[in-house]
Amino acid sequence: MDARLRGYSLLELSMTVALAALLLTIGLPEFSRIGARQKQSAEINALFHAVHLARKESIVRRQVVSLCPSFDGRTCTPGRDWSGGFLMFENDDRDEPPRVDPGEAVLHRHTSNETIRISANRRGFTLRAVFRRATNGTIVVCDRTGRIPPKALVISYTGRPRVAFETPRGEPYSCAV
């Protein structure tokens with residue numbers, strides 16, 4: 001058997017390495033965006049389901065149920081940065097902005113992904129079964145590195161959430177906290 005037929009030439013090997021490098025250069029940023037989209041969707045879904053659950057719990061319990069940002073999972077964090085996570089609790093004294101007081105049952109805790117930035121135009125959202133309308137507002141979910149556009153969860157006065165990609169004026173949401 002001829003020795004020249006056993007391996008690859010330097011030119012063939014160089015072309016293979018160059019093609020692999022080109023494919024990785026093109027493909028890796030897209031894989032990064034796919035991962036960022038997945039994390040953003042997970043946070044939007046967690047917030048979406050929390051609003052629905054809070055709405056349901058307020059009706060079932062016939063009590064005021066509130067959502068607030070929380071970095072420690074026990075108390076509401078002042079401000080509008082929800083990046084650390086959030087709490088859902090039975091707000092017996094109906095305080096605004098909502099805060100967890102002794103004796104108020106915490107119904108749900110969520111810790112957000114550290115690669116995601118979440119900001120809201122409210123310090124808390126309150127869902128009321130029969131007393132008054134719910135707190136309306138917008139929660140914007142962004143990738144901290146800016147690889148993907150922000151999405152928002154818009155909560156109506158009836159407590160129904162919907163996902164939006166643009167403001168009512170047709171502009172993209174801002175990721176500023």
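Me: How many disulfides does the count come to?
Reply: Keep in mind that this is a predicted model. A pair of cysteine sulfurs has to sit within 2.5 Å to count. Cys 68 and Cys 76 make it at 1.9 Å, S to S, and Cys 142 and Cys 175 make it at 2.1 Å. By that rule the count comes to two disulfides.

Me: Which hand does the link of Cys 68 and Cys 76 have, left or right?
Reply: Cys 68 and Cys 76 are both buried. The angle about their S-S bond is -80°. That makes the link left-handed.

Me: How many residues apart are Cys 142 and Cys 175?
Reply: Cys 142 belongs to strand β6, while Cys 175 is in the segment after β8 (161-164). Their disulfide is left-handed as well, with -100° about the S-S bond. It links distant parts of the chain, and the separation is 33 residues.

Me: Is Cys 175 buried or exposed, or partly exposed?
Reply: Buried means under 20% relative accessible area, and exposed means over 50%. Its partner Cys 142 is at 1%, so Cys 142 counts as buried. Cys 175 has 24%, so the label for Cys 175 is partly exposed.

Me: What is the pairing when the bonded cysteines are numbered in sequence order?
Reply: One disulfide joins Cys 68 to Cys 76. The other pairing to place is Cys 142 with Cys 175. Numbered along the chain, the pattern reads 1-2, 3-4.

Me: On to charges: which side chain meets Arg 128 in a salt bridge, and where does that partner lie?
Reply: Arg 128 is buried at 15% relative accessible area and lies in the loop between β5 (125-127) and β6 (137-143). The N to O distance to its partner is 3.4 Å. The pair ties together parts that are 32 residues apart in sequence, because the partner lies in the loop between β2 (85-90) and β3 (106-111). That partner is Glu 96.

Me: Asp 101 or Arg 99: which one counts as buried?
Reply: These two side chains meet in a salt bridge at 3.5 Å, N to O. Arg 99 has a relative accessible area of 47%, so Arg 99 is partly exposed. At 17%, the one that counts as buried is Asp 101.

Me: What is the distance between the closest N and O atoms of Asp 72 and Arg 74?
Reply: Asp 72 is partly exposed at 36%, and Arg 74 is exposed at 56%. They form a salt bridge, and the cut-off for one is 4 Å. Their closest N and O atoms are 4.0 Å apart.

Notes:
Residues numbered from 1 in each chain as written. Predicted model: local features only at pLDDT ≥ 70, side-chain atom pairs only at ≥ 80, totals over all residues. Heavy atoms only, no water. Buried < 20%, exposed > 50% of the residue type's maximum accessible area, 1.4 Å probe, protein only. Helix = DSSP H or I, 4+ residues; strand = E, 2+ residues; numbered from the N terminus.
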